[in-house]
Amino acid sequence: MDDKPAIRIRDLHKRFGDLEVLKGVSLTAHPGDVIAIIGGSGSGKSTLLRCINMLEHPTSGQIAIQGEGYRMRPARGGGLEPADRKQVQRIRAQLGMVFQNFNLWPHRTVLENVTEAPIHVLGQPRAQAIDRARQVLARVGLAEKADTHPIHLSGGQQQRAAIARVLAVDPLAMLFDEPTSALDPELVGEVLGVIRDLAREGRTMILVTHEMAFARDVANRVIYLRDGRIEEEGTPEQLFGDPQSPHLKQFIRSVM
Amino acid sequence: MFQSIDFSLLALDAPGWGGALLQGFWRSIQLAAGGYAMGIVIGILGASAKLYGGLVMRDLAQVYTTVIRAVPELVLMLLFYYVGTDLLNRAAQSMGFAGIEVDGLAAGILVIGLVQGGYATEVIRGAIRAVPHGQIEAAQAFGMSPLKVMRRVTLPAMTPHAIPGMANLWMIATKDTALLAVIGFSELTQVTRQAASSTRAYFLFFLSAGALYLMLTLVSNVILRRYEVRARRGLIAAHQAR
């Protein structure tokens, strides 16, 4: 791996008021890595993910995407804020985020949701964006839903549309923030199936999830976050087969 | 009593007043539409200032909406019109121009727009707050600039929430044009007064004016209803739409 790491995080701290959510987290994702972040609620895993595309501003620490570090400056009231908004926008355009609540734009059809960023952020010609959108919608099994509004889709279909929306910009890395937590149990499988296919084709992913069996299956590295720190990390076999930390042992027992 | 009404007074050509009434009506529509459009622009700016602005912008917007909503509209209109034209003239004179003739229509639109803007700011601010934040975050996460997020996501997503309030404001705008009669604009109410006082046919002319205002409202209702259904497409399933 002589490539630059897709994502590199160094000594990340994040504080909300008096509450320190992240207490020095470092993490490197190389191209093709599928990293699952697991941990109890309040362990800071979503915050960690949201710092990667600056939806949250870290209190201290560095984040670099493909070797390019976010330029930060001290914020009023402590912590850091991006010094260069244009840079943040440029880096964000290379990352794709899938949210727990899908966050599709309800006023646009599924197809329009998928073509939005290619046309209005990347500046692709409309015809090309529509072609590509139809391809990615077919990939996630929603070809025939292109002209419907998201409200008419099931939760699982909405999340697959949200994944297609991210695929359309062909991101350097995909960030999944608990992508199945808002779904009815019978709809979880179809979404996990799509993510699993993407992982197998070598996409770089960071995945915050509660689906342990899934994490074990698709990830090449698992990170157990506890109380704002990485308590244990390694291959899925190591973490799930032979957990060292007593907290992780107990966590795995409680969720599997 | 209807036998005593001389409907020929409504003839389009003089000596009938029908043509003048319709001209006044058209003028009222122009004033209302222009003022309303300006109110929307001010409303979007004001709501943005209140929601995303710094301390100074927020305070300015707050003072503006408070004053607009606290002072009677008639007083505001007199104030904006006379003080506004006075200021313009003084500014022109200080720059070496002779006094300017303020275009009546533009001045009327400005006056109505400033009043509408105060209310529109609050309507739009509320509507923007009703948009789930995740939709805005998703746009940001794709690398959209703040302006693009506003134009592509926030504004279209807040529209269905703003329509009921904004529809109300349109009705108010159409009727606020009548207040401009006090300043002497030859809009529908003013023309009606002239027609009525010179023919003494008060009943006929004020009833006619009322009918025209009512017609405008009914037509507006139909258009607004269609627009609302369209804007809400993404929010409720079609079979639930009323």
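I7(A) stands opposite A29(A) in β2(A), where strands, like helices, are DSSP runs numbered from the N terminus (E, at least two residues, for strands; H or I, at least four, for helices). This is a predicted model, in which local features need pLDDT of at least 70, side-chain atom pairs count only at pLDDT 80 or more, and totals for chains, interfaces and linings use all residues. Residues are numbered from 1 along each chain as its sequence is written, while chains are lettered from A and ligands numbered from 1 in the order in which they are written.

**The sheet of chain A**

Strand β1 (residues 7-16) of chain A pairs with β2(A) in the antiparallel sense over 8 bridges; two strands count as paired if DSSP finds at least two bridges between them. The two strands form a hairpin with 2 residues between them, and G17(A) in the turn has a positive phi of about 60°. β1(A) also pairs with β4(A), again in the antiparallel sense, over 5 bridges. Here are some of the facing residues.

| Residue in β1(A) | Partner | Strand of partner |
|---|---|---|
| I7(A) | A29(A) | β2(A) |
| R15(A) | E20(A) | β2(A) |
| R10(A) | Q62(A) | β4(A) |

The open sheet has 4 strands in the order β2-β1-β4-β5 (chain A), with antiparallel pairing. Why is one side of β2 (19-29) and of β5 (68-69) of chain A left without a neighbour in the sheet? Both stand at the edges, each with a single partner strand, so one side of each has no neighbour there. Helix α1 (residues 45-52) of chain A packs on the sheet and touches β1, β2 and β4 (60-65) of chain A. The direction of α1(A) makes about 120° with that of β1(A); axes are lines fitted to C-alpha atoms, for helices over the stretch in contact, and angles run from 0 to 180 degrees between N-to-C directions.

**A covered helix and the cores**

Helix α5 (residues 155-167) of chain A has 13 residues and reaches 18 Å from its first C-alpha to its last, close to the 18 Å expected at 1.5 Å a residue (1.5 Å times one less than the number of residues). α5(A) is mostly covered, with 12 of its 13 residues buried; buried means 20 or more other C-beta atoms, placed from the backbone, within 10 Å of a residue's own, exposed means 12 or fewer, and partly exposed lies in between. Those buried residues pack against β8 (95-98), α3, α4 (126-139), β9 (173-177) and α6 (185-200) of chain A.

A164(A) is one of the buried residues of α5(A). Together with I37(A), I206(A) and L207(A), A164(A) touches the most other members of the largest nonpolar core, which has 120 residues. Such a core is a set of buried Ala, Val, Leu, Ile, Met, Phe, Trp, Tyr and Cys residues joined through C-beta atoms within 7 Å. Helix α4 (residues 104-129) of chain B gives the largest share of this core, 12 residues. A second, separate core of 10 residues includes W17(B), F25(B), L204(B) and A209(B).

**Chain B and the interface**

Chain B has 8 helices and 0 strands, and its C-alpha atoms fill a box of roughly 70 × 60 × 30 Å along the principal axes. Of its 242 residues, 36% count as buried.

How many residues of chain A are in contact with chain B? There are 22, and they meet 20 residues of chain B, with contact meaning C-beta atoms, placed from the backbone, within 7 Å. α2 (85-92) and α3 (110-120) of chain A each supply at least two residues of this side of chain A.

Notes
Two residues are in contact if their C-beta atoms, placed from the backbone, lie within 7 Å.
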